[in-house]
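Student: I would like a close look at a single part of this protein, taken slowly and residue by residue. Could you walk me through one helix and what surrounds it?

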Amino acid sequence: MTTNRKSNRIVATVMAILMAVCCFVPGISAFAKSTGHGQTGDLSDIFDGSYNSAASEYFGNIATTNTENPTTDVNKFNNPTAYRGVMKDVQAFLAGAPKYGSDYDKEKYVFSKISTTCNYKTNNFGSSGDAGAVQAILYNHGGDINNIARGFKYFCNMLGLKCWVVYGKLGAGDFAWDIVQLNGKRYVTNIGGSISGDMSSDAKPLVTPIYSHMNMPKRQAERWGFAENDYSKQYITDWSDCIYDDQDYFKKNKLYFTSYDSFKAALPGLIAKRNNEGDPVVRVEFPKNDQGDALAKYADQQLFAHGDIDEVVAKANTMTSYPVHVYTSYGHDLNFLSFPISSSHVPVV
């Protein structure tokens with residue numbers, strides 16, 4: 001009986017150690033959560049270039065298998081050596097991520113990193129399909145919307161977040177976006193809404209991310225014009241449970257307002273804070289409905305057409321050591337309002 005008790009204690013101790021390792025070692029945790037249907041899944045879908053691309057160490061068909069079947073086994077890739085080289089740069093890309101932070105903080109890191117290092121482009125390879133999503137982000141610093149959405153998903157997966165790509169429509173055009181799961185709840189994130197330029201340009205990446213497209217409920221995404229295609233259901237069953245906005249960037253950072261008076265009262269402090277931090281753009285949010293849209297429009301008119309901005313800036317300049325100016329508005333976009341600030345302390349955008 002004594003021997004059995006000792007054996008049971010030894011087994012329990014070993015199991016506890018194994019559980020602790022899985023929970024607290026980032027590499028093991030990220031790998032365990034990044035595999036399986038809907039997550040990193042078919043790696044050839046992430047790292048594969050098009051069939052007519054010029055193969056190189058980082059671009060081209062490093063992931064396509066000899067049998068051309070989807071796989072998660074890198075040893076079956078045409079070029080597993082190149083894949084392992086890319087993985088070193090993936091780790092460098094994620095080096096600053098808060099591995100022990102909240103789901104929100106991890107997602108925000110990936111969103112910000114891609115937004116400020118990438119833009120829409122096709123240069124450096126014949127067409128945007130000629131590089132896998134991860135290679136496009138790491139080495140070409142951009143690509144088409146499929147590159148951007150797939151890459152965002154992959155980097156979120158690598159930090160242990162569940163994320164799915166949704167292929168659908170934005171207005172009349174084809175588009176792709178992501179659904180991210182944070183603390184058991186799902187949200188719509190459009191990383192493409194925070195990428196600068198278009199496919200014919202070589203614009204510089206954004207100085208500051210556009211967080212208005214991060215962690216939206218489905219109804220907000222639909223107000224932007226997003227519409228899911230039927231074939232998206234093979235990637236994610238449904239997005240009707242994306243009903244939350246508690247992980248909204250603006251709500252979490254006190255940039256959400258329900259009246260013009262409360263917004264105007266807070267605005268001098270917001271401008272001074274942005275100025276002191278060297279951030280060239282002020283963005284705020286109003287409720288995600290028709291009333292919020294109208295409020296954003298009204299706030300824009302009151303500030304810039306009726307001159308309230310002069311009073312606001314005068315107050316802001318009592319709170320900052322760098323005299324700040326606000327000359328114009330970027331305008332209202334549904335229930336969001338944004339405008340640039342300028343001073344000797346902020347970059348020109």
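Tutor: What follows is a description of one helix, its two ends, and a residue that touches it. Please keep in mind that this is a predicted model. Helix 11 covers residues 290-305, and its 16 residues reach 22 Å from the first C-alpha to the last, which is close to the 22 Å expected at 1.5 Å a residue. At its start, a side-chain oxygen of Asn-289 comes to within 3.1 Å of the backbone nitrogen of Gln-291, and after its other end comes Gly-307, whose phi is positive, near 85 degrees.

Turning to the side that is covered, the buried residues of helix 11 are Gly-292, Asp-293, Leu-295, Ala-296, Ala-299, Asp-300, Gln-302 and Leu-303. These buried residues pack against three helices, namely helix 8 (218-224), helix 10 (260-277) and helix 12 (308-316), and also against strand 8 (331-333) and strand 9 (336-340).

Strand 9 is where Phe-336 is placed, and this residue offers a view of the packing from the other side. Leaving aside neighbours within four places in sequence, Phe-336 is in contact with Ala-296, and also with Ser-212, Gln-220, Trp-224, Phe-250, Val-284, Glu-285 and Gly-331. Phe-336 counts as buried because its relative accessible area is 6%, which is under the 20% cut-off. Finally, Phe-336 and Lys-297 lie 39 residues apart in sequence, while their C-alpha atoms are 8.8 Å apart in space.

Definitions and conventions
Residues numbered from 1 in each chain as written. Predicted model: local features only at pLDDT ≥ 70, side-chain atom pairs only at ≥ 80, totals over all residues. Heavy atoms only, no water. Helix = DSSP H or I, 4+ residues; strand = E, 2+ residues; numbered from the N terminus. Expected span 1.5 Å × (residues − 1). Buried < 20%, exposed > 50% of the residue type's maximum accessible area, 1.4 Å probe, protein only. Contact = heavy atoms within 4.5 Å. Polar contact = N/O pair within 3.5 Å; in protein donor to acceptor, adjacent residues only side chain to side chain.
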